[in-house]
Amino acid sequence: MSFGALQVDTKLPVEVTADALDVDQETGEAIFQGNVLISQGDMRLSAPRVLVVYDADTRAIARMEATGGVTLVSGPDAAEANRADYTIDSGVIVMTGNVLLTQGPSALTSEKMTVNLTTGSAQMVGRVTTILRSGD
């Protein structure tokens, strides 16, 4: 199964906007809260809260943990879930908890969806249900 119209170049800059930011200098973590929007290329991820973990050696973003109800949009496809974990280097987003994927007139639900932004592929597991509609 594919996700998004285009693959995302995971080397592109990651832009994060939010209402508030708390940084923990000891752990190298940053917590963005309130209307958080993450964008990278054509990919958009929004959530109420996102924890950003930085690599201790490179100080680059290693991963992001979005919680509180997450929406991921890439091209014409959109997915919603309770949580999303994005590992930057691998370009993989794992969405868990009440996942709903909409692709045009079709919808799929599951407990977990793994999206590889580099290849544009997605895999759903955990009681997958689908509603397939033909485009009229």
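**Strand pairing and a cavity in a predicted model**

Biologist: Which residue in β5 stands opposite Leu45?

Modeller: This is a predicted model, in which local features need pLDDT of at least 70, side-chain atom pairs count only at pLDDT 80 or more, and totals for chains, interfaces and linings use all residues. Residues are numbered from 1 along each chain as its sequence is written, and side-chain values use heavy atoms, without hydrogens and water. Strands are DSSP runs of E with at least two residues, numbered from the N terminus, and two of them pair if DSSP finds at least two bridges between them. Strand β4 and strand β5 (residues 61-74) run antiparallel, joined by 10 bridges, and the residue opposite Leu45 is Leu72.

Biologist: Which residue in the turn between β3 and β4 has a positive phi?

Modeller: Strand β3 (residues 29-40) pairs with strand β4 (residues 43-54) in the antiparallel sense, and Ala30 stands opposite Val52. The two strands form a hairpin with 2 residues between them, and the residue with a positive phi, about 60 degrees, is Gly41.

Biologist: How many charged residues are in the lining of the largest cavity?

Modeller: A cavity is a set of points on a 1 Å grid over the protein atoms alone where a 1.4 Å probe fits but cannot get out, and lining residues have an atom within 4 Å of a point. The lining includes Leu45, Glu65 and Asp85. Asp, Glu, Lys and Arg count as charged, whereas Ala, Val, Leu, Ile, Met, Phe, Trp, Tyr, Cys and Pro count as nonpolar and the others, Gly among them, as polar. By class, the lining has 7 nonpolar residues, no polar ones, and a number of charged residues equal to 2.

Key: Helices (H or I, at least four residues) and strands (E, at least two) are DSSP runs, numbered from the N terminus. On a 1 Å grid over the protein atoms alone, a cavity is a set of points where a 1.4 Å probe fits but cannot get out, and a pocket is an open set with protein on both sides within 12 Å along at least five of seven lines; lining residues have an atom within 4 Å of a point.
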